[in-house]
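These are my notebook entries on a structure that I looked up. I set down each point in the order in which I examined it.

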Protein chains: 4
Amino acid sequence: MNPGKEKAAMKLKTVRGQIDGIIRMIEEDRYCVDVSTQILSAIALLKKANIDVLNAHIRSCVKDAILEGEEEGEEKIEEIITIIDKYIK
Amino acid sequence: MNPGKEKAAMKLKTVRGQIDGIIRMIEEDRYCVDVSTQILSAIALLKKANIDVLNAHIRSCVKDAILEGEEEGEEKIEEIITIIDKYIK
Amino acid sequence: MNPGKEKAAMKLKTVRGQIDGIIRMIEEDRYCVDVSTQILSAIALLKKANIDVLNAHIRSCVKDAILEGEEEGEEKIEEIITIIDKYIK
Amino acid sequence: MNPGKEKAAMKLKTVRGQIDGIIRMIEEDRYCVDVSTQILSAIALLKKANIDVLNAHIRSCVKDAILEGEEEGEEKIEEIITIIDKYIK
């Protein structure tokens with residue numbers, strides 16, 4: 001597996017554990033602010049996993065497409081811009 | 001359980017399913033852009049779960065504290081501002 | 001003027017100066033990455049200004065409405081949740 | 001000027017006008033929620049301007065560097081990932 005994707009998969013497994021923990025916190029009726037803080041922490045880790053995936057993508061697909069030719073590069077750049085755009089909103 | 005928290009717990013269970021799906025996508029070496037899109041979708045749902053929790057918090061704890069007295073209200077307002085601040089960054 | 005709003009106004013004036021600087025950077029065809037970094041800095045300051053405004057709002061309007069009565073409080077809480085929701089997306 | 005940068009400069013001029021308007025709103029002690037909504041609108045437009053700048057950057061500098069050689073491409077990709085990372089946090 002691509003090392004960027006592997007790193008992302010590791011982070012996603014940690015997030016899954018965090019989510020399980022948050023669901024338990026809610027079931028035990030823990031303090032809202034603590035629940036909210038844990039959700040923020042899971043979001044932050046998901047964002048890092050996404051960076052790993054985008055990193056892998058730019059370093060392989062986008063780069064290869066640019067080296068392949070004008071048109072292929074154009075298409076992949078368009079795609080990555082669309083993702084960054086969705087990400088940022 | 002508080003209805004806001006219950007709604008959050010439901011969303012978190014959906015997110016857990018999404019995370020499992022994303023881990024599988026990576027293991028099957030699926031296209032990065034599709035993986036990234038799914039991660040963004042999980043982040044969006046986690047944010048909605050967090051809104052449910054904050055909503056529950058403001059409607060119960062913060063409101064009650066404000067009705068209890070100057071100092072109690074002050075403290076809870078400080079706390080909620082800190083969360084919103086962390087959230088937005 | 002409300003002190004929270006005054007702090008927000010100060011920050012907004014700084015942002016205005018930053019925006020002028022960024023427009024000049026673009027006109028002088030400066031390096032994209034430097035332009036992007038400056039835009040991120042302006043966004044971060046605008047977010048802080050918004051926190052000042054929300055802080056002022058919760059400490060005055062929302063708090064007063066909650067103290068006024070069930071219905072008034074309900075309405076203001078609904079409004080602040082809607083803002084936090086828009087903010088976070 | 002690069003068309004992407006030109007589009008960004010146009011948006012930044014609009015943002016400057018919005019900021020002026022928001023400062024006036026605060027001076028006139030307008031309703032916090034309306035001020036906050038306007039700040040959110042300015043942030044959204046700044047994000048779009050940043051996308052224009054990043055778009056210009058990837059289509060020119062990053063692409064050219066990748067075509068120039070392994071090392072040059074590597075360096076620019078590293079840089080763009082760092083920006084996306086800062087952006088997303």
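How many residue pairs are in polar contact between chain A and chain B? I counted twelve such pairs, both residues being at pLDDT 80 or more. A polar contact here is a pair of N or O atoms within 3.5 Å; within protein, one must be able to donate a hydrogen and the other to accept it, and residues adjacent in sequence count only if both atoms are side-chain atoms.

**Entry 1. Conventions.** I noted that this is a predicted model, in which local features need pLDDT of at least 70, side-chain atom pairs count only at pLDDT 80 or more, and totals for chains, interfaces and linings use all residues. Residues are numbered from 1 along each chain as its sequence is written, chains are lettered from A and ligands numbered from 1 in the order in which they are written, and side-chain values use heavy atoms, with hydrogens and water left out.

**Entry 2. Chains A and B.** I found 39 residues of chain A and 39 residues of chain B in the contact (heavy atoms within 4.5 Å). The area buried between chain A and chain B is about 3600 Å², and carbon and sulfur atoms give 74% of this. Buried area is the accessible area (1.4 Å probe) that two parts lose on being put together, summed over both. In chain A, the residues that lose the most area to chain B are A:Lys5, A:Ile26 and A:Cys32, together 16% of what that side buries.

I then looked up the salt bridges (a side-chain nitrogen of Lys or Arg within 4 Å of a carboxyl oxygen of Asp or Glu). There are six across the interface of chain A and chain B. One of them joins A:Lys13 to B:Glu27, with the closest N and O atoms 3.8 Å apart. On the side of chain A that touches chain B, α1 (3-27), α2 and α3 (70-88) of chain A each supply at least two residues. The largest share of that side, 17 residues, comes from α2(A). Helices are DSSP runs (H or I, at least four residues), numbered from the N terminus.

**Entry 3. Chains D and C.** I recorded 39 residues from chain D and 39 residues from chain C in contact. The buried area between them is about 3600 Å², 74% of it from carbon and sulfur atoms. D:Lys5, D:Ile26 and D:Cys32 lose the most area to chain C within chain D, together 16% of what that side buries. The count of salt bridges between chain D and chain C is six. C:Asp20 forms a salt bridge with D:Arg16, the closest N and O atoms lying 2.5 Å apart.

**Entry 4. Helix α3 of chain B.** Helix α3 (residues 70-88) of chain B has 19 residues, which at 1.5 Å a residue should span 27 Å (1.5 Å times one less than the number of residues); the end C-alpha atoms are 27 Å apart, which agrees. Its buried residues (under 20% relative accessible area, 1.4 Å probe, protein chains only) include B:Gly73, B:Ile77, B:Ile80 and B:Tyr87. Seen down the axis of α3(B), the buried residues fall within an arc of 160 degrees, so they line one face of the helix; the arc is that of the directions from the helix axis to the C-beta atoms. On the other side of α3(B), B:Glu71 and B:Glu75 are exposed (over 50%).

**Entry 5. C:Gln38.** I located C:Gln38 in helix α2 (residues 32-68) of chain C. C:Gln38 counts as partly exposed because its relative accessibility is 32%, between the two limits of 20% and 50%. Leaving aside neighbours within four places in sequence, C:Gln38 is in contact with C:Ile22 and C:Met25.
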